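Please open the structure in your viewer and keep the sequence panel beside it. This tour suggests what to select at each stop and describes what is found there.

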Amino acid sequence: MEILTWTYILVGLSFALYIGIAIYTRAGSTKEFYTAGGGVSPLANGMATAADWMSAASFISMAGIIAFSGYDGSVYLMGWTGGYVLLALLLAPYLRKFGKFTVPDFVGDRYYSNKARVVAVFCALFICFTYVSGQMRGVGIVFSRYLEVDINTGVLIGMAIVFFYAVLGGMKGITYTQVAQYCVLIFAFMVPAIFISMQLTGNPIPQLGFGDTVGDGTYLLDKLDGVLTEMGFNEYTSGKKSMVDVFAITLALMVGTAGLPHVIVRFFTVPRVKDARLSAGYALVFIAILYTTAPAVAAFGMYNAIDTLVGQPVDQLPEWVTNWQKTNLIEIRDVNQDGIVQYTPQEETNEMIIDKDIMVLASPEIANLPNWVVGLVAAGGMAAALSTAAGLLLVISTSVSRDLFRTFVPSMTEKTELLIARISAAVAVVIAGYFGINPPGFVAQVVAFAFGLAAASFFPVIIMGIFSTRINKEGAIAGMLTGLVFTLGYIIYFKFGMELFGLSEQAVSPDNWWFGISPEGIGTVGMILNVIACYVVSKMTPPPPQHVQDIIQDIRIPRGAGEAHHH
Amino acid sequence: MDTKSRKDYWKKNIRILFILLTIWFIVSFGFGILFVEQLNQIKIAGFKLGFWFAQQGSIYFFVVLIFVYVVRMNRLDKEFNVNEE
């Protein structure tokens, strides 16, 4: 069968499955809509968290990013997994015991202040919207590539699907569709990885094949180091970024992960505190399967690209190259007209331009796998994009209906609240879709900064809210604002300063970065400032009232978690 | 639960956190970033050790750390009789 036929069949089947699950598990109450009724098993929640967390970028782009940055790509691998340790040890159990529905809920109650709650809602909405716009664009790109429709049609199809199960199913529907989506995406990622590992190294486990020998008996990584340095690139196993920057980016990503509202909220769905701990462990296992395979796929992809293309005659390239040239994801141009492909770090002489996404997208063809595998990878990419988009949309709708409407119109009935939650989910889908179709130039870049912002705003006040009884509302508000304003200011100055304030190129160059820390890593500094501001201001103002101190004592003890409840 | 055992429970909890987070820091920021070049002198199979920690090893350690935490905390909860049914 043709690739396109297989794609339609496999994507169609997976969509039918998601919609079927959404109808079967649709939410009937606000509790089910917000936290799936609090009855999800830790294993299922772990899978759902993994799917929620791993976006189209993790599935499609990450391996390629690592392939082209080598050791520097480690910041994403450590950064996007290490955060789960923080989440499991420092946040999940306590927030579960606290037993409300959202992060602003916690901030508002712990800091006994609706102002703090509103600041938290603002941070949550800002983070989620930047993130979800990127996802909708990702959905569109995946659809357009595989179903051969244009990107905008792709975004519209994606909106319709997400609309259906996020609005109808709420958290309950999303949780069980995410379990299915995890299975689809991990299967789709692993099958080509295992085949390629076998072909290159004879080892069926990609994580081990990564350190194994290739055809001529040398180790894969040694071979890559050698070939790349010969062509004038850095060694694959050492990086270009400065150590302080690698450190700062990794920390910002870790802490940002632990501060992302759509990840935290998943731990409200399990029945007990011990389930929240265990569930974070399962989530990381499921994530680690992909995250330890991705660097192997990256090295295999880089090796394959160099081995099959570089130094080859331009008119005798393999078939997959011709196929993917149509999508502009790979470009071969014989600059010096010698009929041979050269790969160099200098733009003028380089003859091979490869988009990062190709390492995963084209992997089945590079490895000569059957057509159904291509269809499977398509279904996997869509599962990754849809599950993350749905999780984010849910946080947006919950923030609006619960943290804003419920706080200021407490007399509202449960039915009205559920309706408002559904309407805001619907509105959020439309807004996200709009940004997906008309991406403001900065969206793609801003997504990467959502982590820094989460690290600099949420994380410190949640941690200190649990581990200190002295931190009060004045401190929390000061801390959140300091972290957010500083981080946002630094990012805007260095990333958008030229367009917005007419700064010179010199002024925004890396030479002027503070302590050599890039805008991607500045969340780490923002976080430290947040902690300092929070501590100093709290010391100068009165301690929190007794009932808040009692709440803190209570969330430190697991027994009596019960179900997530209303105020 | 009286104030004293509450304090003891929390102290032991913090101790567990401190030990596990120290390991968390050493395997990722220590081995994967700060001492990556020194560790890269050591090779195991095709991997330079520092590179392996940065792209593989730290992640395995993270997974193990969470499960150790789960087991230790469940034991601590039972010891102080604050475990859930």
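Begin where the two chains touch, remembering that this is a predicted model. If you select the residues of the contact between the chains, you will pick up 42 residues from chain A and 35 residues from chain B. On the side of chain A that touches chain B, helix 5 (74–98), helix 10 (220–230), helix 11 (243–259) and helix 13 (273–309) each supply at least two residues. Which helix of chain A gives the largest share of that side? Select helix 13 of chain A, which contributes twelve residues and so provides the largest share. Coloured by residue type, the side of chain A that touches chain B divides into 24 nonpolar, eleven polar and seven charged residues.

Next, keep helix 13 of chain A on display and add helix 8 of chain A, residues 151–201. The axes of these two helices come within 10 Å and cross at roughly 40 degrees, which makes helix 8 of chain A oblique to helix 13 of chain A. Their crossing is left-handed. To see the residues that meet, show the side chains of helix 8, including Tyr182(A), Phe189(A) and Leu200(A), together with those of helix 13, among them Phe286(A), Leu290(A) and Tyr303(A). The residues of this contact divide into 14 nonpolar, two polar and no charged.

For another pair of helices, select helix 7 (residues 114–147) and helix 17 (residues 371–408) of chain A, whose axes lie 8 Å apart and which pack at an angle of about 155 degrees. Because of that angle, helix 7 of chain A counts as roughly antiparallel to helix 17 of chain A. The crossing of helix 7 and helix 17 of chain A is left-handed, and the residues of their contact divide into 20 nonpolar, seven polar and two charged.

Finally, hide chain A and look at chain B by itself. Chain B has three helices and two strands, and if you follow the sequence you will meet them in the pattern α-α-β-β-α. The C-alpha atoms of chain B fill a box of roughly 55 × 25 × 15 Å along the principal axes. Its radius of gyration is 18 Å, whereas a compact globule of 85 residues would have one near 12 Å. Of the 85 residues in chain B, 36% are buried. Among the contacts in chain B with a separation of 6 or more, 51% are between residues 24 or more positions apart.

Technical notes
Residues are numbered from 1 along each chain as its sequence is written. Chains are lettered from A and ligands numbered from 1 in the order in which they are written. This is a predicted model: local features need pLDDT of at least 70, side-chain atom pairs count only at pLDDT 80 or more; totals for chains, interfaces and linings use all residues. Helices (H or I, at least four residues) and strands (E, at least two) are DSSP runs, numbered from the N terminus. The radius of gyration is taken over C-alpha atoms; the globule rule is 2.2 Å times the number of residues to the power 0.38. A residue is buried if 20 or more other C-beta atoms lie within 10 Å of its own, exposed if 12 or fewer, and partly exposed in between; C-beta atoms are placed from the backbone. Two residues are in contact if their C-beta atoms, placed from the backbone, lie within 7 Å. Ala, Val, Leu, Ile, Met, Phe, Trp, Tyr, Cys and Pro count as nonpolar, Asp, Glu, Lys and Arg as charged, and the others, Gly among them, as polar. Axes are lines fitted to C-alpha atoms, for helices over the stretch in contact, and angles run from 0 to 180 degrees between N-to-C directions. Angles under 35 degrees count as roughly parallel, over 145 as roughly antiparallel, 65 to 115 as roughly perpendicular and the rest as oblique. A crossing is left-handed if the near helix is turned anticlockwise from the far one by less than a right angle, and right-handed if clockwise.
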